[in-house]
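User: I'm new to this structure and would love a close look at a single part of it. Could you walk me through one helix and what surrounds it?

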Amino acid sequence: RHYCLATGHRALGLGLRSEALTYLRQAAAWQRGLRVAWPMLALARWAPSDGAAARLYGGWTRCVDVLHRLLTGRLSLSKALDKALRQLLKRSASLHDGQGERQTVTDVALADLHRQRAR
């Protein structure tokens, strides 16, 4: 049954919701020790699309990993904030490159605000 849990998590990470639901139901029904499957089963069931389920699952696992490394001392808070800031700046760099097709939502909103102020 632990294989069902691992396979369900992997299917969810790949955006295969129907397969994830099947495997996570099997894992959750087996024993209380696999109650870890219940939150992922809820995520797979309530996500609006396969892609959204994959993104939410990826974000959740990343947050849990960073929190675990912070609590165990393998990652300092300043290093985590530095990495997050670099990722944020990296995503919004396309605005400065002049490549409109790679703009983030924040970049588009800022450009729209500047256009409105210029009027």
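Analyst: Let's begin with a term we will need: a residue is called exposed when its relative accessible area is over 50%, and buried when that value is under 20%. Keep in mind that this is a predicted model. With those cut-offs, C63 counts as exposed because its relative accessibility is 52%, whereas C4 is buried, at 13%. As for disulfides, the count comes to zero.

Now to the helix itself, α2. This helix runs over residues 17-30. It has 14 residues and reaches 20 Å from its first C-alpha to its last, close to the 20 Å expected at 1.5 Å a residue. Which residues of α2 are buried? They are R17, A20, L21, L24, A27 and A28. These residues lie on the same side of α2, because they cover an arc of only 140 degrees around the axis. What covers them includes α1, α3 and α4.

One residue to follow from here is A37, where α3 (37-46) begins. Setting aside residues up to four places away in sequence, A37 touches L24, A27 and A28, as well as L5.

That leads to the wider setting. The largest nonpolar core holds 17 residues, and L12, L24, A37 and M40 touch the most other members. The helices α1 (2-13), α2, α3 and α4 (50-72) each supply at least two residues of this core. As a general point, nonpolar side chains in soluble globular proteins tend to be buried together.

Methods:
Residues are numbered from 1 along each chain as its sequence is written. This is a predicted model: local features need pLDDT of at least 70, side-chain atom pairs count only at pLDDT 80 or more; totals for chains, interfaces and linings use all residues. Side-chain values use heavy atoms; hydrogens and water are left out. A disulfide is a pair of cysteine sulfur atoms within 2.5 Å. Buried means under 20% relative accessible area, exposed over 50%, partly exposed in between (1.4 Å probe, protein chains only). A nonpolar core is a set of buried Ala, Val, Leu, Ile, Met, Phe, Trp, Tyr and Cys residues joined through side-chain atoms within 4.5 Å. Helices (H or I, at least four residues) and strands (E, at least two) are DSSP runs, numbered from the N terminus. Contact means heavy atoms within 4.5 Å. The expected span of a helix is 1.5 Å times one less than its number of residues. The arc is that of the directions from the helix axis to the C-beta atoms.
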